[in-house]
Amino acid sequence: MAYDVQKTDEQWREELTPEEYAVLRQAGTERAFTGEYTDTETEGTYSCKACGSELFTSDTKFHSGCGWPSFYQPMTDTVEYIEDSSHGMKRVEVRCATCGSHLGHVFPDGFGTPTGDRYCINSISITLDAKK
């Protein structure tokens, strides 16, 4: 798919830390309960760490206990969905619709949320712009 933000692999490597690159560009995962935003309750907007596109708002963030920041829905048309059958599992990968960077996965187990979904997002993939 053609993305609005397109860069060479070399450009991504120059702009991202090795840890960010491993998650955002190679679909890695940060360890559970280690991410900066796992338990934060700060109000604001979460954007893609790679390109800055707004993805989620704090209004849709909830404590799922899974070890990663969880949201029940993204902002309109900000993410894309890719079937992921890696590691012997059938999952749905969530990527930034602007640059194609890996954010995490979405699961249909967000019980008690308005959508019933849990977007399990790597903290390292996002940046919080706190509400003033």
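Helices (H or I, at least four residues) and strands (E, at least two) are DSSP runs, numbered from the N terminus.

**View 1. The order of helices and strands in the protein chain.** Walk along the sequence and you meet the pattern α-α-β-β-β-β-β-β-β-β-β. That makes two helices and nine strands. This is a predicted model, where local features need pLDDT of at least 70, side-chain atom pairs count only at pLDDT 80 or more, and totals for chains, interfaces and linings use all residues. Residues are numbered from 1 along each chain as its sequence is written, and side-chain values use heavy atoms, with hydrogens and water left out.

**View 2. The stretch that UniProt labels.** An unreviewed UniProt entry puts "domain: MsrB" at residues 9-131. UniProt positions follow the numbering used here, feature names are shortened, and annotations may be inferred rather than shown by experiment. Over residues 9-131 the chain is 11% helix and 33% strand, and the end C-alpha atoms sit 33 Å apart.

**View 3. Inside and outside.** How much of the protein chain is buried (under 20% relative accessible area, with a 1.4 Å probe and protein chains only)? Buried residues come to 48% of the 132 residues. As for the outside, the protein chain exposes about 7,400 Å² (Shrake-Rupley method, 1.4 Å probe), and carbon and sulfur atoms supply 47% of that area.

**View 4. Who touches whom.** Take the contacts (heavy atoms within 4.5 Å) in the protein chain with a separation of 6 or more: residues 24 or more positions apart account for 52% of them. The C-alpha atoms fill a box of roughly 40 × 40 × 30 Å, taken along the principal axes.

Technical notes. Buried means under 20% relative accessible area, exposed over 50%, partly exposed in between (1.4 Å probe, protein chains only).
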